[in-house]
There are 2 protein chains.
Amino acid sequence: MTEQKATNVHWHAGEVTRAERGQLLGQKGATIWFTGLSGSGKSTVAVALEKVLHAQGRLVYRLDGDNVRLGINKNLGFSAEDRTENIRRIGEIAKLFVDAGVIVLSSFVSPYRADRDVVRKLHADGGMDFIEVYVEVPLAEAEKRDPKGLYKKARAGEIKNFTGISDPYEAPEAPELVLHSAEMSLELEVETLLTMLKNRGILPA
Amino acid sequence: MTEQKATNVHWHAGEVTRAERGQLLGQKGATIWFTGLSGSGKSTVAVALEKVLHAQGRLVYRLDGDNVRLGINKNLGFSAEDRTENIRRIGEIAKLFVDAGVIVLSSFVSPYRADRDVVRKLHADGGMDFIEVYVEVPLAEAEKRDPKGLYKKARAGEIKNFTGISDPYEAPEAPELVLHSAEMSLELEVETLLTMLKNRGILPA
């Protein structure tokens, strides 16, 4: 765990509560955490889900490696230590959004089990507002897709520490949901996610 | 400026835009950045504004030193370098919330002009969605109030690098608003802020 340096601080309970913000929005804040290899389809399903939820009048916000890496985490690289801090910070941001009442869709490779577990523990409510979704795809398929040409570069040694090639991907042991993106249609993936959000009270029934 | 370490990344334009989220919420995301000495009344006015905005059906979220220091910035201390990184990260988080459509109320001493200017520059839209509010109070008055007993500890040397006592506070040179908290009622402060939010199109007229 990250060391707590600041002292003389305490959680400042706001006058407006999380429940009241949720009531205003007609939803319950939650984090849907998509994890999987590069090219597994994490962002594709997150973008599709975002579109459907927004059309239904829900407030949803997508965090992904690209926009976060250019902003809050621009002073982090890709060493194991920096990847851990990257995921920790994203988890803390997601937690703040959840507290604000927002449905967060985060899509990051997030290859290390321990890092994802830190994010899970950050979320309160007995884990009900943290949904780990493993977007599963065989490595060969992800490498065939290679939408950003990153596998090719990794194989050529131009990118070091690349997950699946020169760095491990630790699959979730007990994710809330597994999406086999090579076999499921995008529509079915989104449908499955919507049902799960209703079942958990994140969306009204 | 913080060094950009990550490469191979680009801003991932979402399918749902900031404007569409704003339309859904009936507001425009913005950051109201309260700055001032400890005990100046930053949090008091932020809490009051939050309450009024929520009652009007607006989605507002408050970031303050206490909840942020226990979360995303718990690995930062109070050295000049850590304070700078503290404010930078908060600015990046505020920017994400603004992009999500939320009205952010941030209350931090944020004593260094350069740090606040970094946050201002992070915000897009020609500064229209960043409102710096200087909550001004004479040091003697803040020290008299001393709501957390911190000035007493700082005078006794128990807290080092305490703003106003052993560390400088650099007042804003061109804030969007100055609130003289020793002379204005809380009601008048909130009223002034609401008018400003309407004038800037953050709230509907």
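Start in chain B by selecting strand S1 (residues 30-35) together with strand S4 (residues 130-136), which run parallel and are joined by five bridges. Everything on this tour is a predicted model, in which local features need pLDDT of at least 70 and side-chain atom pairs count only at pLDDT 80 or more, while totals for chains, interfaces and linings use all residues. Residues are numbered from 1 along each chain as its sequence is written, and chains are lettered from A and ligands numbered from 1 in the order in which they are written. Strands (E, at least two residues) and helices (H or I, at least four residues) are DSSP runs numbered from the N terminus, and two strands pair if DSSP finds at least two bridges between them.

**The sheet of chain B**

Within the first pair, pick out B:Phe34, whose bridge partner in S4(B) is B:Val133. Then move to the other partner of this kind, strand S3 (residues 103-107) of chain B, which runs parallel to S1(B) and is joined to it by five bridges; here B:Ile32 stands opposite B:Leu105. Next select strand S5 (residues 177-180) of chain B, which pairs with S4(B) in the parallel sense over four bridges, with B:Val178 in S5(B) as the bridge partner of B:Tyr134.

Now show the five strands together: they form an open sheet with parallel pairing, in the order S2-S3-S1-S4-S5. Strand S2 (60-64) and S5 of chain B stand at the edges, and because each has a single partner strand, one side of each is left without a neighbour in the sheet. Neighbouring strands of this sheet are turned by 20 degrees against each other on average, direction ignored.

Return to S4(B) and display its side chains. In a regular strand the side chains alternate between the two faces of the sheet. B:Phe130, B:Glu132, B:Tyr134 and B:Glu136 point one way from S4(B), whereas B:Ile131, B:Val133 and B:Val135 point the other way. Seven of the seven residues of S4(B) are buried, a term that requires 20 or more other C-beta atoms within 10 Å of a residue's own, with 12 or fewer counting as exposed, anything in between as partly exposed, and C-beta atoms placed from the backbone.

**Two helices of chain B**

Select helix H2 (residues 42-55) of chain B, whose 14 residues should span 20 Å at 1.5 Å a residue, in agreement with the 20 Å between its end C-alpha atoms; the expected span is 1.5 Å times one less than the number of residues. The buried residues of H2(B) are B:Lys42, B:Ser43, B:Val45, B:Ala46, B:Leu49, B:Glu50, B:Leu53 and B:His54. They cover an arc of only 160 degrees around the axis, which puts them on the same side of H2(B); the arc is that of the directions from the helix axis to the C-beta atoms. Just after H2(B), stop at B:Gly57, which takes a positive phi of about 85 degrees.

Add helix H8 (residues 186-199) of chain B, whose axis comes within 10 Å of that of H2(B) and crosses it at roughly 60 degrees. Axes are lines fitted to C-alpha atoms, for helices over the stretch in contact, and angles run from 0 to 180 degrees between N-to-C directions. That makes H2(B) oblique to H8(B), given that angles under 35 degrees count as roughly parallel, over 145 as roughly antiparallel, 65 to 115 as roughly perpendicular and the rest as oblique.

In H8(B), B:Glu189, B:Leu193 and B:Leu197 are buried. Seen down the axis of H8(B), its buried residues fall within an arc of 70 degrees, so they line one face of the helix. The face turned away from that buried side carries the exposed residues B:Glu187, B:Leu188, B:Thr195, B:Lys198 and B:Asn199.

**Across to chain A**

In chain A, select strand S1 (residues 30-35), where six of the six residues are buried. A:Ala30, A:Ile32 and A:Phe34 point one way from S1(A), and A:Thr31, A:Trp33 and A:Thr35 the other way. S1(A) pairs with S3(A) in the parallel sense over five bridges, and A:Ile32 stands opposite A:Leu105 there.

Continue to A:Ser110, in the loop between strand S3 (103-107) and H5 of chain A. Phi of A:Ser110 is near 35 degrees, a positive value in a residue other than glycine, and A:Ser110 is buried, with 26 other C-beta atoms within 10 Å.

Finish at A:Asn161, in the loop between helix H7 (150-155) and strand S5 (177-180) of chain A. Its phi, near 50 degrees, is likewise a positive value in a residue other than glycine, but A:Asn161 counts as partly exposed, with 14 C-beta neighbours inside 10 Å.
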